[in-house]
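Trainee: Got a few minutes to go through this one with me? I'd like to start with the charged pairs and move on from there.

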Amino acid sequence: MKLAMIGLGRMGANMARRLMQGGHEVVAYDVSAESVQALARHGAQPAFTLAEVVAKLPAPRVCWVMVPAGAPTEKTIAELGALLSPGDVVIDGGNSYFKDDVRRAAELARKGVRYVDVGTSGGVWGLERGYCLMVGAERAAFELLEPALRTLAPGQGDTPPAAGREARRSTAEQGYLHCGPVGAGHFVKMIHNGIEYGLMQAYAEGLDILKCASAASVPATQRYDFDLADICELWRRGSVVGSWLLDLTASALAEQPKLEKYTGAVADSGEGRWTVQTAIEEAVPAPVLTEALYARFRSRQEHTFGEQVLSAMREKFGGHVEAKK
């Protein structure tokens, strides 16, 4: 299929490349003409205005937006809404708040333009590994987009379905899923990121305890000088705490055992806060996810080794580089 990728940052450019590798035609747009030209060298059709994007797409037009959440997304979608026609589709694949999706969908629906929200997980590794896609949309819009979703997703690969799924008919095994109506995709991605915070914090705290086992304050007979890179590598093999996050942590520690390049200041991009807010609205206890969010707040005030571990993981899976002071 032919579609536009609007926003050619870390995620958008790689998604466009993966789509083109899968045989799709991509119209590429970004506020940076240099980014557009770079992707054009990989085979994309360049566009230097949103009006040019729309003009280069066949009906029904499909515009996939991958720009920062908040004002940039609002501005881009509003401008597209003014240019598109009934039946066209706008996809927000960034990290938007699900309540904003519901509002935007209603606004675009007045013009007959369809809105789809796609929670996208995969970070800087998505070009190679594929992207886990959580989709919120009306069923017809989801089905229209399936060719692109199948290409972007990892596919089943070597990972068999979970035991007990034999009777289920779902695209989940392929790495993409219609989660429900508009907003559902970003809702699922919001909770995904809240869980991610908790998992990362658990690894960070555990490794911090291991590191501090060699402290002078610990009785000599109970003092241990652990090789954390080796322990993480050990846990990757047969342990119940094995995960991709652990893989990335093991890699970071192998490269730099003391993580000197990381200050430990850990940012949060919004989804963790929204997860906690939603838990409060639903009266659902979420102490682990809440504490993980608060740990990130505190990390910007003073830094521990555990926070350096968090910062290292964020760079490894998402290319998030610490802000310079």
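What follows is a chat about salt bridges, a pocket, one threonine and the cysteines in this predicted model.

Trainee: How many salt bridges does the count come to?
Mentor: Start from the general idea: side chains of opposite charge can pair when their charged atoms come close. Here the cut-off is a Lys or Arg side-chain nitrogen within 4 Å of an Asp or Glu carboxyl oxygen. By that rule, the count comes to 21 salt bridges.

Trainee: Let's pick one. Arg 103 forms a salt bridge with which residue, and how far apart are the closest N and O atoms?
Mentor: The partner is Glu 74, and the pair links distant parts of the chain, 29 residues apart. Arg 103 sits in helix H5 (residues 98-109), while Glu 74 belongs to helix H4 (residues 71-83). As for the distance, the closest N and O atoms of Arg 103 and Glu 74 are separated by 2.4 Å.

Trainee: Is Glu 74 buried, partly exposed or exposed?
Mentor: Buried needs under 20% relative accessible area and exposed needs over 50%. Glu 74 comes out at 27%, so Glu 74 is partly exposed.

Trainee: And Lys 99: which residue does Lys 99 form a salt bridge with?
Mentor: The closest N and O atoms of this pair are 3.0 Å apart. Lys 99 lies in helix H5 and its partner in helix H11 (residues 271-282), so the bridge ties together parts 182 residues apart in sequence. Lys 99 is partly exposed at 37%, and the partner is also partly exposed, at 49%. That partner is Glu 281.

Trainee: Asp 268 and Arg 273 form a salt bridge too. Which of the two is buried?
Mentor: The closest N and O atoms are 2.7 Å apart in this pair. Arg 273 has a relative accessible area of 37%, so Arg 273 is partly exposed. The other partner has 14%, and buried means under 20%, so the buried one is Asp 268.

Trainee: Which residues do salt bridges that share partners join into one network?
Mentor: Arg 103 and Glu 74, the pair from before, both belong to this network. The full set is Glu 74, Asp 92, Asp 100, Asp 101, Arg 103, Arg 104 and Glu 107.

Trainee: On to the second largest pocket. How many nonpolar, polar and charged residues does its lining have?
Mentor: The pocket has a volume of about 210 Å³. Among the lining residues are Leu 210, Lys 211, Ser 214, Asp 225 and Phe 305. Helix H8 (184-211) and helix H9 (228-235) each supply at least two residues of that lining. By class, the lining has six nonpolar, one polar and four charged residues.

Trainee: Now Thr 249: which residues does Thr 249 touch, not counting those up to four places away in sequence?
Mentor: Thr 249 is in helix H10 (residues 244-255). With a relative accessible area of 3%, Thr 249 is buried. Its contacts are Leu 207, Cys 232, Val 309 and Met 313.

Trainee: Cys 232 is on that list. How far from Cys 232 is the nearest cysteine sulfur?
Mentor: A disulfide is a covalent bond between the sulfur atoms of two cysteines. The cut-off is a pair of sulfur atoms within 2.5 Å, and by this rule the count comes to zero disulfides. Cys 232 is buried, at 0% relative accessibility. The nearest cysteine sulfur to Cys 232 belongs to Cys 212, at a distance of 15 Å.

Technical notes. Residues are numbered from 1 along each chain as its sequence is written. This is a predicted model: local features need pLDDT of at least 70, side-chain atom pairs count only at pLDDT 80 or more; totals for chains, interfaces and linings use all residues. Side-chain values use heavy atoms; hydrogens and water are left out. Helices (H or I, at least four residues) and strands (E, at least two) are DSSP runs, numbered from the N terminus. Buried means under 20% relative accessible area, exposed over 50%, partly exposed in between (1.4 Å probe, protein chains only). On a 1 Å grid over the protein atoms alone, a cavity is a set of points where a 1.4 Å probe fits but cannot get out, and a pocket is an open set with protein on both sides within 12 Å along at least five of seven lines; lining residues have an atom within 4 Å of a point. Grid points are joined across faces, edges and corners, and a volume is the space filled by probe spheres set on the points. Ala, Val, Leu, Ile, Met, Phe, Trp, Tyr, Cys and Pro count as nonpolar, Asp, Glu, Lys and Arg as charged, and the others, Gly among them, as polar. Contact means heavy atoms within 4.5 Å.
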